[in-house]
Every structure is written in C-alpha cells, then in structure tokens.
Amino acid sequence: MTNKESILSTANALRWEIGENIHDSLVESIYKEAQSITSNVVKTPAEKARFNFDVTLDRILTSRWLGFPLMFLMLAVVFWLTVEGANVPSAMIAAVLVDTVHPWLREIFAALNSPWWLTGIMVDGVWLAMAWVVSVMLPPMAIFFPLFTLLEDFGYLPRVAFNMDALFKKAGAHGKQALSLTMGFGCNAAGVVATRIIDSPRERLIAIITNNFSLCNGRWPTQILIASVFFGALVPAHLAGIVTAGAVVGVAVLGIAFTLIVSWGLSKTILKGEASAFSLELPPYRPPRILQTLYTSLIDRTLIVLWRAIVFAAPAGAVIWLVSNIHIGDLSIAEQFINWSNPFGILLGLNGVILLAYIIAIPANEIVIPTVLMLTVLSAKLSGVGDGAGVMFELDETNAVANVLQAGGWTFLTGLNLMLFSLLHNPCSTTIYTIYKETKSVKWTTIASILPVVMGIVICFFVAQLYRLIIQ
Amino acid sequence: MPTRSILFFLTAELSDKEKKMSNTINSNCEDCPVHNLGNLTKLGINMSQFDFVVALAGNPNTGKSTVFNALTGLRQHTGNWPGKTVTRAEGGFEFGNKRFKIVDLPGTYSLLSNSTDEEVARDFILFGQPDVTVIVVDATRLERNLNLVLQVLEITDRAVLCLNLMDEAKRNGIAIDDRQLAKQLGIPVVPTSARQDDGIPELLKYIYEVATGSYVCRPYRLEKTSPLLEKAISQLTNKIKNEFPELPNARWIALRLLEGDQKIIDSLKNGELKNLSRNNTIVSMPKQELVTA
Amino acid sequence: MTDPLQALLIGGSILLVVAVIFFPKYGLIARWSRAKRGIKRVQIEDALKHIYDCEYNNIPCTVQSIAGALVISSDDAAELVARLSSMGLLLTLDNGVKLTADGNSYALRVIRVHRLWERYLADETSVPQTEWHSSAELQEHKLTPAQTEALAAQIGNPHFDPHGDPIPTPTGEIPPKKGRSFLSMNQGDFGVITHIEDEPEAVFAQLSAEGLYVGMHIMLIERSNERVRFAADGDEIVLAPVLANNITVEMLENEKEKIVSPMDTLASINIGEEATVLNISKACRGQQRRRLLDLGIVPGTKVRAEMRSASGDPTAYNVRGALVALRKQHAQMIFVQK
C-alpha cells in the first residue's frame, strides 16, 4: 500500500469511529473561538443590538396590516413612473431613429444605387427593427432599473421575500423566488440569472421555469397599448386611464398567480418535494447612493440593450421584411402563413397575424406590436397607413391603432386574448439561451420554453370559447 | 420523482492561476510604495501580465463588490441583499509598480458546506493559491464573520482582513480594537468604509506588503475541538505531514478528509496536493518578527 | 366559425386524453415505462438484497421467504433461486440459501446505491421521508457504478443512511450491526435512536408520523405488552410494541446527553423574547442543518425573535448581530432554553 492510500484508508477507518457529528462539533468550536476573540476586541453599546430606525421601519414594512399594501403601493409607483416617464423619451428616440435617420438611410442607399431588396432588408428590415427595440425598450429600462436598484440598495427587496415567503412555501417553492420574480419584471433573462441565490436545485428550477410569468419590460408596451385600445375604450374618456392601468396591473398580478400555481403544480409532479431549506438574511437598511446608482444602471443597461438590439432584433427585422416581400404565387409568405393559420388563430380568439408576429418576435418581445400593425395592414390590404410591405411602423394615436385593428377584424376578445397570450407564451430567445446556460440541460430548457406557450394556447382557447358562448 | 438530471451545477470556470514571472521578497523595503491612492492605477478589466493574484472573500452582503470596485475602478453592480454577486468577477490594478489581478469570489458564510458557491471560493483559495486573500468582513457583525475568517486562515497563510462598514459600526456605537484583532489573528487588519473610499490606501499598502512578503502573517489556527475528534485529527495530520512535509495546512486537509471531501481525496490521489506544498515553500521560509498594524 | 360549445367539449376531451397519457407518475406513459423496466434484473437484485438482509439479521432465508419478500409465486421464486445459483451468486443449503462471495458483494453494491440515494434525498432535496425508500427502490436498479460514485462524492461520501444504516463502501465493506432493540430497554433508561427500519412502508410511515428520527434522544417511561411509552423532545409518545420493534437504540451513558425533558423550540418564543440555543434536532439534516450552523446557530448562541413576516411565517431572529429569517418548520427543530 502506498502512503497516499494508507492516508485515505486511515481517514476512512477514523470516519467510522468519529461518527456523523464532526461537522456540528467543528462549527461549534469555531464559533467558540470567534466568540472569545470578539469579546476581547469589540465593545458594543449595552442592550442595543439593532439600530432603532431599522427596527421601526422593519416593524412597519412587515406588519400584518401594512406589509402587503405598502409592497403593492411601492411596486405600483415604480411601474407607474416607468410607464408615464417612458412616453416622452420613447417618442423622442423614435423621432430621431425612425422619422429622421430612417429616410436619411434610404436616401444614402438610393444614392449608392443599392438594389431595392438590399435597401429593403437593411434599412426597412434590420434598421427599423433595431430602432424599434431601442426606442421602445431603452426608456422604460432606463427608468425601471435605477428605481428598482434604489429599492434594492436600500435593502427593501429581502423584506419582500420575507413577506411573501408563506405564499411560495405553500406552492412548494423557495421564498427567494420573490426576488427573482421581481427582477423578472425588468427582464426575464436577468430574473433567470438571479435565481442563483436559491441553493436547492429543485426550487431553483421551479424559479427558472416560472420566471417567464413575470411580465417583462418588452411586454409592458404591448399590454399598455392593447389595454388602452380595448379596455380604455369601454368606459368614458376620463376613466380610461385608470381602467387601462387596472387592466395592465391585473395581467401582471395574474402573472404572479400563474407563478404560484405553476410552482405548485411542478412541485407536486415533475419537481416533487416540499419547500426546503430557507434562511434569508435581512440586511440593515442603507442609504442608497443615488448618483452612482443612476450612473451604473444607466450606462451598464444601455450598453446591454443596444447590444441586444443588434444581436437579436436585427435578424428578426430582416426576416420580417423577407417574409412580407418574397411572394409564392400571388401572395407573400407572410400572407400565405396568415391565411393558413387564421382558422387556428380564430379558434384561440386570436388571428393569423398575431401568431405570425409571435413566431417572428421570438428574438425580442418588443417588436410584437410594430410587427402586428405592419402585418395587419399588409393582410387587410389597407391603404394610406404604413410605408409598404415589410416596413414596421407604430402609430402615435391610440385611435389610429384602433382603426387599423378594427379594419383587421379585431374584437374585444382578440385584445383580451392578445394580452393573455403576451403573458403566456414562450420566453424570448435571450431568456431561452440564459436558461440553457444556467441549467445546462436541454430537457429543462425545453420545458421552460414549451410550458408557457402550451398554457397560453389552452387558456386562450377556453377563454375564447367561453366568451363566445356567454357573451356573444 | 426527482431524477439525476436535477443535479446540475453552475460551472465555475476556475482556471489555474497562470504562472508568475518572478516572486521576489522585499524585506528591506527600499522601493516600498508611498502609501497613498496617488500611487494606484485602476486597470479595470485589463489584467494582462500581472505580478500577483488577490482573492476577495467574505460573507454575503459585506460590501465585497464595493471594495472590488474601489480597487479596480470597475462599476460592478452592487446591491443590498445577500447573494447579489452571482458571477465571479475579475479585475486589475497597479500599485507600487506591481500589477495585481483581483478575483471577487462569491460571498459565503462558510467554506465547509459543499454548496456550489462555497466550492468555488474554497477551490480558488486552496488550489488557485492567491498571493493574498483579502477577507472582507462586516464590522457590525464581526463574530459571525469570524467563522469564515478562521476557516480561510486554516487554508492560507497570506491574508489581509478588511474590516468594512466601519461607518455603520460607528453609527451603531460599536467600537473595535483593530490592533488587538490583528495581534490575535496574526494578519493585518484594515478598518475601511469602502462606500466612502475610507481606508482603501491602507488596504492597498497591506495587500502589497503581504504579496511581496515584506509582511509575514502568523495566522491564527484553530486548536480546540472535541477530544474524540482531536485524536482522529492529530493521528491523520501526522500521517499527512510525513507524506507531505511542506504542506502548510496539513491539519485542515486532515479535517476535510474526515468529512469525506471528494475534491481533497482526488487532489491527494492525483498529486495536486503535492504541488501546493512546493509552491508554498516561499511562505514557510524563516519567519520574520511579527509585524502588527 | 365553429360552435363554441362543441369546441369547448372537443377541447376539454383532448385535454383529458393528453392528461391521461402524459400525466407524471399516474399517466399511461409513466405506468408503461414503470412496467417495462428490466424485470429480470430487478428480481435478481431484490432477491439478493433480501437474502443479504436475512443473513445480516441472522434470520433463516428460504424460497418461501423470497417469494414473500418479492411478492411472486413459490414456483417463480424457486426458478429465481435456481437461476441465481447457476450464476454463482448463491449456494443452496439444507435449511435454505446462502450468498456466495460474489453474491454478497453484488448485494452490497445494490444496497450501497439504495442507501446513498436515501441519504441524498434526505440531505439535498425536500422529498418527504416516507418517499425516500420507494424512490431508492427504483434508483438502486438504475444507477451505474460511475454515477453512484459521483453521487457519493457530491454528498461528501457519507457513512450512514438517514435511517441509521451503514452504507457499504465501494469495495463492499460494512461494519457489523450495532445497537439493540428498543424493547430491550428498561424503565428510566436513556437511549438514542440509531436505526428505524424502513420496511414495511406502512410501519415506517407511522413511525415517521410520530416524529421519530435517527439521533433522537429518548427515555423509556413504561413498557408493557400493550404499549411502550417514552419521552422524547419534550413530548410523550406511545407506540404499540410491534411498531417499537422496528426501532434500534443505543444506550446513553454520558449524563450531559440525557436530555429528553420538555424543551422549548425557537418557534415558541415570542417577538422580543431572547433564548439560548441548546441544540438542533437531528431531524434537521444536510444543507439546512449546515446553513443554520454557518449562520452561527450552535449550542450556546443567544437568539432573539425580532419580527414576524406580514403573512405570519417566517420569523426574523437576531443571531449574533445579524437578522436571519427562518420558517416555522425549521425553527421548531431548534431547541432552546428561555
């Protein structure tokens, strides 16, 4: 026997003798020594282990009566600031990138004698897709993330997890899933990465699979626009804003409900188990450093969004242009697909245009609405709106959008189901890729991608049939 | 039914530390740096051709990322919740004509518990053999943080304690005798408030001194455990010391073997453990007088 | 457009059919794949395990007992025995069967997988303890030797399974049986549970429903033919002797360890109250236990309840200056002195 082997066999023999308590007694003795060192060097004020301000604030933020209302209020304020604040800069960016640079690029391409199809792919396809992503995404993110980071720096997020743990426990999930869920409101890919704070593999998988039910930034614009066209229009103008906001928040809350229901379902079937280890350290409140937070989240996130726009939205833009301009027979590929899938879409209370838009928009949810509008105009053969086949556009006026959609045969049901489908469909490609990177498993990535879209189809189908049965 | 497939791991790409060009000991301190921030060049993510590797360890939410940012000039996102740093970050800085690569390890409460984060941190400190391990601790909960500090000191001889969040401690009326703490632990202790950049120059100075060997640490080692365990440990430690006389942390290795740590078993089998002792000869040179802060 | 009612009915029935086919565990596919798995190999391995068990416990093992344990007919059992002896795994004796050296090490390999898997479930997952055994019964026939060793390495090469049974080493070593039957204790004796037999499942389910776990300290109060009454974790537990017979104990000699008197748990202290930790229940295992220890919850630590979550659970405790939130179910496993 070599010396190495003899070391190992001695260790093995000794392990049988000392039994299973070695870890406990080791940690106990480390703490004993830590205690004796600390008692020599640390002087604490008598009987005041925690700062008074912290105690008071904690009592309020986690109180039985105020805890949840304050939490919803704070999240509502963050969302409201995001939605309201993003309008103006979004319009400004769109004015520059779409209204100014786009024609200008066309002229350059024309001056260079580029063939029409190259101009189409590059300027109307790639450039416009990128422009939309940047103008729709950047402002809300630039507002949402700093606000969120301020709450985070202050130390509020762990309190959210603390308050919501009982719900997640009932669903068989981990309390820290509340943290990744809130991160998902910004971006699902970020939410998926944030699930790393969950130690247990089972509960981490649940958090990853359900993160898609957090309505991400790319989907807020869809929700808001469709809600204002179809829900806002149901009531008098002065109530429209509140009803619209209510509908959007309703979908977001529905998303949280789905998170809990699906977590529960998973923990009862393929990811079976009870809620396990939970210990969460609640850090002391710290005054956030506002300037640095603004700088970090603005600069960092801006770069990420721009990069994302180039990598994912640009090819999608090219595809959109191509499918609307390559003709098979009399109709473009897009129209062929729309006509073919329309019956199925109608069955789900949607239509062929929406299905095609969601297939094309797998790379980035942000381009769903511009794509839907463009395809509607294309397939309904409207004239006077838009800039031609395969050219994405967005209309400034809600009324104009409503007109286009009505011409495309949309009803209240279509709007409602689009909002549901926007909540319940496959994650965007960035998120899918992130899920794969985090789980290293094709199986779980597939489940995480397919499950929401199957749920979306099933739920849209039943909502559509019930709606037709009861209301129409 | 759970299956094997849920046993997935985050892959921590822990590259072995690249070979260093030279590793000189600077005992008479002729070219010691002037101890101020003017001497610091933040290199961001430019880490080519470094002379020393610095590991940054600590409990979650002790401001490790803030210290990392203060040293490298990077702006890694910091947040006030435990476990914020989910990816290992690396950066660089230059100080006193030496280039340092600094690795921000995931925040852990311990190095004994085999969670993924803890394995990443533990493996880097043990096998990555950083020239200096900076342990960032929260001054307001020193006792809890010392759990990790004592464990790190079992593994490595070259460490600096960064007593962070001193501003918070002061606000809460907590006073810490850092000289006494340094004397007890046998490593430099630097009180800092990284959010205000307080104490960073001193931290740099000690990182430099420990890296170059002009400050020789005499780390505190655990002694007292239960009699039964103690007997087993000493029996095994002696055996290990016979086989690897140069190993600086034989007792700790013995403990890990008694806990059935597969990584250590493997490294014993494949000889990696032996490499640790060879590289560490520099540490086990005749000790100079104990320098206290 | 399709008639909504018709569509609803069709949609509903499609959903039903899909559920019947694909539903995890109860669906047709799951049942079919369960039925299909290597019957022969499973039977061989289960038979070896049974014979090994008999030998370990010094109970005679016959064709009948094999038939009983595997729930097969005596003819099938006889055929199986013939097959096993032709494979050189067992010898047929006058009074029954006996494992050969090969058979012995084969049985130990299967047992190793079984116990390792139970330990994995106990330490790293939140699978309820009544399901450990049935899950391990499946895995023991599935895992390859390489997978087994990877699993062992991942959970720190444990030496005991959560029921207190020793896990054989990869080379097939296993220490002799220790401890004594619960029924051999006398009134007033202190003991620690070292083993709870996990078969038959119904009995184990009852024992675990009583909250019994390996490592529990107990004191016998009363033993009669009708019942066994004992104190544990501050509670009094009454068992039928036939249940108690499935428990193995070791006597506690050390005076300091003789604690079974009523104890408070961390979950029972009110907000603002302080208590000192006595110990953590052995029912708290693996990751969860290690995390509690890491956070500084060790015997002697002073802990104060600071606040309760808006939804009533968890509660935040001040542990060594840090605020740590624990769920009630875990706080109940930490014994304290008010």
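Colleague: Which side chains meet in a salt bridge with Arg141(B)?

Modeller: The partner is Glu281(A), whose side chain joins that of Arg141(B) in a salt bridge at 2.8 Å, N to O. Keep in mind that this is a predicted model.

Colleague: How many salt bridges are there between chain B and chain A?

Modeller: The count for this pair of chains is 3. Polar contacts are a further feature to read here: 13 residue pairs make them across the interface, both residues being at pLDDT 80 or more.

Colleague: Which elements of chain B give residues to the side that touches chain A?

Modeller: Those giving two or more include helix H3 (142-155), strand S7 (175-176) and helix H7 (227-243) of chain B. H7(B) supplies the largest share, 8 residues. By type, this side of chain B divides into 32 nonpolar, 23 polar and 17 charged residues.

Colleague: How many residues are in contact, and what area do the two chains bury?

Modeller: Contact links 72 residues of chain B with 65 residues of chain A. Between them the chains bury about 6600 Å², with 61% of it on carbon and sulfur atoms.

Colleague: Now the cysteines: how many disulfides does a search of the whole structure find?

Modeller: It finds 0 over all chains. Take Cys162(B): the nearest cysteine sulfur belongs to Cys217(B), 15 Å away. Cys162(B) is also buried, at 0% relative accessibility.

Colleague: Why is Cys61(C) not bonded to Cys54(C)?

Modeller: A disulfide needs the two sulfur atoms within 2.5 Å. The sulfur of Cys61(C) lies 3.8 Å from that of Cys54(C), its closest cysteine sulfur, so the gap is too far for a bond. Cys61(C) is buried as well, with a relative accessible area of 5%.

Methods: Residues are numbered from 1 along each chain as its sequence is written. Chains are lettered from A and ligands numbered from 1 in the order in which they are written. This is a predicted model: local features need pLDDT of at least 70, side-chain atom pairs count only at pLDDT 80 or more; totals for chains, interfaces and linings use all residues. Side-chain values use heavy atoms; hydrogens and water are left out. Buried means under 20% relative accessible area, exposed over 50%, partly exposed in between (1.4 Å probe, protein chains only). Contact means heavy atoms within 4.5 Å. Buried area is the accessible area (1.4 Å probe) that two parts lose on being put together, summed over both. A salt bridge is a side-chain nitrogen of Lys or Arg within 4 Å of a carboxyl oxygen of Asp or Glu. A polar contact is a pair of N or O atoms within 3.5 Å; within protein, one must be able to donate a hydrogen and the other to accept it, and residues adjacent in sequence count only if both atoms are side-chain atoms. Helices (H or I, at least four residues) and strands (E, at least two) are DSSP runs, numbered from the N terminus. Ala, Val, Leu, Ile, Met, Phe, Trp, Tyr, Cys and Pro count as nonpolar, Asp, Glu, Lys and Arg as charged, and the others, Gly among them, as polar.
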